[in-house]
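Trainee: I am new to this structure and would like to take a close look at a single part of it. Could you choose one helix and walk me through its surroundings slowly?

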Amino acid sequence: MRAARLIKMVLLLQARPSMTAGELARELEVSERTVARDVLSLSEAGVPVYADRGRAGGYRLIGGYRTRLTGLGRSEAEALFLSGVPTALREMGLADAASAARLKVSAALRPDLRDAASGAAQRFHLDAPGWYQEPEPPELLPAIADAVWDDRRITARYLRKDTEVERELEPYGLVLKAGVWYLAARVDGDYRVYRVDRFTAVEADEGSGAAAAVGATGATRAAATSDGRFSRDESFDLPAFWAERAAQFARSILREEVVLRLSARGVRQLPYVTERAAAREAIARAQAADGPDEQGRLTVTLAVESAEVAYAQLLSLGPEGEILAPGELRARMAAAARQTAALYA
């Protein structure tokens, strides 16, 4: 355990010019005191770790030291090959590069680990799109992916409702969510999210007096430009940013409330028929407040997108859920129940 941690520390210091004790402690999931002891052990073993003193100080390797710890275990090799998402790589135009990288890694592995690539691929597969969907990758995705990889500004035109808008964007990252690609970009110092399939044209600033522009038809043209690349904010965390924005979006569309009484089975079913986080929050609030009544039914106040959406979702609860408010939705549910009963009379 400690040996693996020491190896990881060396690899971390190889990858970065300097790291503070706090940064190393977070990466290694230990205390700063343990980091200090590990640094001392590395120094005693001949690894040239130098400590810079002061507020801006930290630990670094001196003399261009590089470890020769290149061996991979089977589980590490399989995890490496598993980390790629073939469909996403193909849609971004990176399939050939990924294939070449896998071949190079395979060639560097010990003979008894050469089957790690096929072993992982035959045991785990990621199918990103939802059921009953056959999404086509956006035509401009490869051009946007190139700009993301190269930290290159783009001038993009995209559809906002029925209007085409042009913006200068600093493309920070791409997210594939349920088969749909999204771009996280900085605009005037603010981070925003765009659906890639709504872009109609993308012009990458090449930084050499000309910019390559790609339209939805695949045509290219040249335009004058100056500095091509933007300075990336290294504190930007794409997974954390996406999680926060996704949660904000989920909350923003839940603009109305429905009061319903649930059976014990209805309580278990509710998170599977409506927005899961909203359902769990509603159930938790109700259980903490009054709890179930004498018949074991729980009355919850549920945030929903609209009465129309709530009707479609909550209808699937059948007799396990009773709408109490609003009255219009309750009347509509009652009418649907009568019509259903008539069909089965």
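Mentor: Let us begin at a glycine, keeping in mind that this is a predicted model. G46, which comes just after helix α3, takes a positive phi of about 95°. The helix that precedes G46 is the part to study, and α3 covers residues 32-44. With 13 residues at 1.5 Å a residue, α3 should span 18 Å, and because its end C-alpha atoms are 19 Å apart, the expected and the modelled spans agree.

Turning to the sides of this helix, T34, V35, D38, V39 and L42 are the residues of α3 that are buried. These residues cover an arc of only 140° around the axis, so they are on the same side of α3. R33, L40 and E44, by contrast, are exposed on the other side of α3.

What do the buried residues of α3 pack against? Their neighbours are two helices, α1 (2-15) and α2 (21-28), together with the strands β1 (49-52) and β2 (58-61).

Of these neighbours, α1 deserves a longer look. The axes of α1 and α3 come within 11 Å and cross at roughly 80°. An angle from 65 to 115 degrees counts as roughly perpendicular, and therefore α1 is roughly perpendicular to α3. Where the two helices meet, α1 contributes R2, R5, L6, M9 and V10, while α3 contributes T34, V35, R37, D38, V39, S41 and L42. Among the residues on the α3 side of this contact, T34, V35, D38, V39 and L42 are those already described as buried.

The helix α1 can be examined in the manner used for α3. It has 14 residues, which at 1.5 Å a residue should span 20 Å, and its end C-alpha atoms are 20 Å apart, so the expectation is met. Buried in α1 are R5, L6, M9, V10, L12, L13 and Q14, and among these R5, L6, M9 and V10 also take part in the meeting with α3. The buried residues of α1 pack against α2, α3, β1 and β2.

Taken together, the picture is one of two crossing helices: the buried residues of α3 pack against α1, α2, β1 and β2, and the buried residues of α1 pack against α3 as well as α2, β1 and β2. When you return to the structure, you might start from G46, just after α3, and then find R33, L40 and E44 on the exposed side before turning to the buried residues T34, V35, D38, V39 and L42.

Technical notes: Residues numbered from 1 in each chain as written. Predicted model: local features only at pLDDT ≥ 70, side-chain atom pairs only at ≥ 80, totals over all residues. Heavy atoms only, no water. Helix = DSSP H or I, 4+ residues; strand = E, 2+ residues; numbered from the N terminus. Expected span 1.5 Å × (residues − 1). Buried < 20%, exposed > 50% of the residue type's maximum accessible area, 1.4 Å probe, protein only. Arc of directions from axis to C-beta. Contact = heavy atoms within 4.5 Å. Axes fitted to C-alpha atoms, helices over the stretch in contact; angles between N-to-C directions. Parallel < 35°, antiparallel > 145°, perpendicular 65-115°, else oblique.
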